[in-house]
Amino acid sequence: MDQAKLKSYLANDAITKLHVFSEIDSTNSEADRLISAGATGIQLVVADSQSAGRGRRGRNWLSPIGSGVYLSLLYPFSIDVSALQGLSLVSAISVHTAIHNYGAENVQLKWPNDVLVGDKKLSGILLELRSFADENWVVFGIGVNYRLSEEQKSLVDRPVTDLHEILPDPPSIERVAADITNRLLQNISKHSESQFSTFQTAWNRYDRYLDTDVMIQNGNQQLLGRYKGVNEHGALLLQTGDEMQQISGGEVFPSLIAVSD
Ligand code: BTN
């Protein structure tokens, strides 16, 4: 990772500190350590590889050198945690926009924060909240597959794609990391002004599962229904019979059974 190049692509001086590593356990874990050590201001942690990259629900995130963008943006909020609702989806929208702007086709979103291309996962996001010294820190951990070998792809327990598969001539890793960070910073400001409602239409436009039958898995609970997109707070809307349920946690799977009409 060329730190000077990355720095020159970052759009504004909102970022007070940039931490670049050739290898780290996890950029999110490093973010956590920085917060505990009394970090101030918005900071960015980027690595060429992670030895213990973390995914959602305790999964690993495969992070070999040169194969992905691995970054964590540390953002201190002095507002109540309830006002942070929807930021997870906003992160995915930010990644989506950056990749879409490179000319990639069929880039879609999967609630709450995956980016897919042709049903294969391109990017995953791990948001972590840390309350420290009167501030609510959000760590936006973003991973984007850049160039994975067939062997590396086979090590992941779900279909995955990468920027080299979906674009004829992808930008450099530094460019991708900066474009996503710039977009995310812009969208965080927008979210602070008007919450998730300004993003609702964009989300529903690109949602992979809109108006399809899905199964929502939340812990041991499974719910079947027709997926109706997200509401103005970013909660998932699931139609089960005559009822519209608002769901704020869990994972979406395509349903193998037709559930409603
Ligand atoms: C998911 O399970 O989809 C979320 C994956 C998040 C991976 C990124 S890579 C950068 C940051 N550091 C981590 O350890 N995880 C996130």
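**A ligand and its pocket**

Biologist: Threonine 27 has a polar side-chain atom 3.0 Å from a nitrogen atom of the ligand. What makes that a polar contact?

Modeller: The cut-off: a polar contact is a pair of N or O atoms within 3.5 Å. At 3.0 Å, the threonine 27 pair therefore counts. Bear in mind that this is a predicted model, where local features need pLDDT of at least 70, side-chain atom pairs count only at pLDDT 80 or more, and totals for chains, interfaces and linings use all residues. Residues are numbered from 1 along each chain as its sequence is written, and side-chain values use heavy atoms, leaving out hydrogens and water.

Biologist: Which atoms of arginine 56 and lysine 121 come into it?

Modeller: For arginine 56, a backbone N or O atom lies 2.7 Å from an oxygen atom of the ligand. For lysine 121, a side-chain N or O atom is 2.6 Å from a ligand oxygen. Of the 420 Å² that the ligand exposes when taken alone, the protein buries 99% (Shrake-Rupley areas, 1.4 Å probe).

Biologist: How do you know which residues surround the ligand?

Modeller: A residue is near if one of its heavy atoms lies within 4 Å. That gives 20 residues, with Ser26, Thr27, Arg54, Arg56 and Lys121 the closest. The shell splits into 6 nonpolar, 10 polar and 4 charged residues. Here Asp, Glu, Lys and Arg are charged, while Gly is put with the polar ones.

Biologist: Which element gives the most to that shell?

Modeller: Strand 6, with 4 residues. Helix 2 (27–36), strand 3 (68–77), strand 6 (120–132) and strand 7 (135–145) each supply at least two. These are DSSP runs: helices are H or I of at least four residues, strands E of at least two, numbered from the N terminus.

Biologist: Why is the space taken by the ligand called a pocket?

Modeller: Because on a 1 Å grid over the protein atoms alone, a pocket is an open set of points with protein on both sides within 12 Å along at least five of seven lines, whereas in a cavity a 1.4 Å probe fits but cannot get out. A molecule sits in a pocket if more than half of its atoms lie within 2 Å of its grid points. The ligand's space is the largest pocket.

Biologist: What volume does the largest pocket have, and what lines it?

Modeller: About 500 Å³, as the space filled by probe spheres set on the points. It has 30 lining residues (an atom within 4 Å of a point), and Arg54, Gly55, Asn60, Trp61 and Leu62 are the closest to its centre. By class the lining is 11 nonpolar, 11 polar and 8 charged.

Biologist: Which residues line the second largest pocket?

Modeller: There are 23, with Leu84, Gln85, Gly86, Ser88 and Leu127 nearest its centre. Helix 3 (87–100) and strand 6 are the elements giving two or more residues to that lining. Strand 6 gives the most, 4 residues. The volume is about 430 Å³.

Biologist: What makes the peptide bond from tryptophan 111 to proline 112 stand out?

Modeller: It is cis, with omega near 0°. Proline 112 sits in the loop between strand 4 (107–110) and strand 5 (114–117).

How values were computed: A polar contact is a pair of N or O atoms within 3.5 Å; within protein, one must be able to donate a hydrogen and the other to accept it, and residues adjacent in sequence count only if both atoms are side-chain atoms.
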